[in-house]
Amino acid sequence: MATMADVARSAGVSVATVSHVLNGTRPVLPHTRQAVLDAMEELGYTPNTLARSLVTSRTRSIGLAVSAISNPYFTEILQGVEAAALEHGYSLLIADPHDDPEHERKVAQLLHERRVDGMIVAPSADPGELLSYLGRHKVPTVLLDRVVDAPADGSTRFDQVCADSAEPMAELVTHLAGLGHRRIGLVAGLPGLSTTAERLAGYRHGLAGAGLAHDERLVVHGDSESAGAEQATAALLSLASPPTALVTANNAMTMGALRALRDHGLSVPDDIALCCFDDFAWADLFSPRLTAIAQPSRDIGAQAVRVLLDRLDSPERPARTVRLPCAFVHRTSCGCPEQPNRPGRSARRTVPARPVRSEGAIESPPADSPEQPLPSVKGTVS
Ligand code: HPA
């Protein structure tokens, strides 16, 4: 296998010059640079990144630990992380912690032992061990999707990137209340996840804003997955006064709820209206088409990489939480009539009804927005 010394000899330059061409550490005259590149090509030289890592103590790799990679929401996050990492010359090591507290700690340890430069992690509902491992070993980390509160003793704070969950959920409830619904059920996610708590808070906020009383019986937990949601929805439907409208708090639970509605012989929206958190590729193929909240999943992934790279550049900077706005996608499962001349999935009202919290830096809009640009990404330092 050709070495840097072979390349240097063949190009008639020093090994240091080859190194500068490879790493961009110093300007090299164009014809010298071309001679080095030609020699590399001719000899089939490929840089040994392991050897470079020994010198720099950096591997230019990022560890990504997210559960349920098969869920389209997380698949899109993964795409965003991958594209942004590649753009900045980083490769990814991916692990699935299965939303299991013990497993996620082990996964973090494995990635750390591979000396990734930093990690992006979607923590489980019980992330104590994970966070103390990452804090103890001072692993530069961005928490993704599920945010955690700062510990009371102010010890380790992590950078975090997530979607704004509460406002969009409130918007769904407000929309249904505006259509005359008074009994709006919620199929909520797994207790312990910040997304579950925020969506529940948004649901309550939406009810209060519409002057509706909060009835505990109308909230069931589908545990963030389809089977749980199917059971939970069935329980809601068997109430003496079942809801006339339903909100599901993620894509997998929408599937479960739809199964339960079908098994009860109910039709949407005539028998019961439905609004969902999470838009996905086939949400407008259902009949009726699903009114949904679209999360900026690719942007969440890309933003997590940017925040991590900022952390690697400035280890002492204060930790920040970046919340990205979601979009209300108005279709027909809520009971509204079909819009004339609707352009399919791109029929999105992408501006959130209420602005997201916007203390701190306002960052530039993401480059890979959907059909219409999303509003500016607003960084919230908290
Ligand atoms: N968090 C946020 N949104 C989601 C999730 C999740 O875990 N799963 C599906 N949509």
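Here are some questions and answers about the predicted model above.

User: What should I know about the numbering and the pLDDT cut-offs before I dig in?
Analyst: Residues are numbered from 1 along each chain as its sequence is written. Since the model is predicted, local features need pLDDT of at least 70 and side-chain atom pairs count only at pLDDT 80 or more, while totals for chains, interfaces and linings use all residues.

User: Where does the ligand lie, going by the domains that give residues to its shell?
Analyst: The residues around the ligand are N71, Y73, D145, T195, S224, N250, N251, A252 and D278, where near means a C-beta atom, placed from the backbone, within 6 Å. Domain bounds here come from an automatic or database domain assignment. Both domains give residues to that shell, so the ligand lies between domain 2 (61-162 + 297-320 + 357-380) and domain 3 (166-294).

User: How do the residues of the shell around the ligand divide into nonpolar, polar and charged?
Analyst: Ala, Val, Leu, Ile, Met, Phe, Trp, Tyr, Cys and Pro count as nonpolar, Asp, Glu, Lys and Arg as charged, and the others, Gly among them, as polar. On that basis the split is two nonpolar, five polar and two charged.

User: What span should helix α11 have, and how far apart are its end C-alpha atoms?
Analyst: Helices (H or I, at least four residues) and strands (E, at least two) are DSSP runs, numbered from the N terminus. The expected span is 1.5 Å times one less than the number of residues. For the 13 residues of α11 (251-263) that gives 18 Å, which agrees with end C-alpha atoms 19 Å apart.

User: Which elements do the buried residues of α11 pack against?
Analyst: Buried means 20 or more other C-beta atoms within 10 Å of a residue's own, exposed means 12 or fewer, and partly exposed is in between, with C-beta atoms placed from the backbone. In α11, the buried residues include N251, A252 and M253. Counting contacts as C-beta atoms, placed from the backbone, within 7 Å, they pack against α5 (72-87), β6 (184-188), α10 (226-237), β8 (245-248) and β9 (273-277).

User: Are the residues on the two faces of β8 buried or exposed?
Analyst: In a regular strand the side chains alternate between the two faces of the sheet. In β8, A245 and V247 are on one side and L246 and T248 on the other, and all are buried.

User: In β9, what is the bridge partner of L246?
Analyst: Strands pair if DSSP finds at least two bridges between them. β8 and β9 run parallel and are joined by four bridges. In β9, the partner of L246 is L274.

User: Where is P269, the residue that follows V268 across a cis peptide bond?
Analyst: Most residues other than glycine have a negative phi, and most peptide bonds are trans. The bond from V268 to P269 is cis, with omega near 0°. You'll find P269 in the loop between α11 and β9.

User: Is D99 buried or exposed?
Analyst: D99 is in the loop between β2 (91-95) and α6 (101-113). Its phi is positive, about 50°, although D99 is not a glycine. With 20 other C-beta atoms within 10 Å, D99 is buried.

User: Which residues does R58 touch, not counting those up to four places away in sequence?
Analyst: R58 is in the loop between α4 (49-56) and β1 (61-65). R58 has 14 C-beta neighbours inside 10 Å, so it counts as partly exposed. The residues R58 touches are S53 and D117.

Definitions and conventions:
Two residues are in contact if their C-beta atoms, placed from the backbone, lie within 7 Å.
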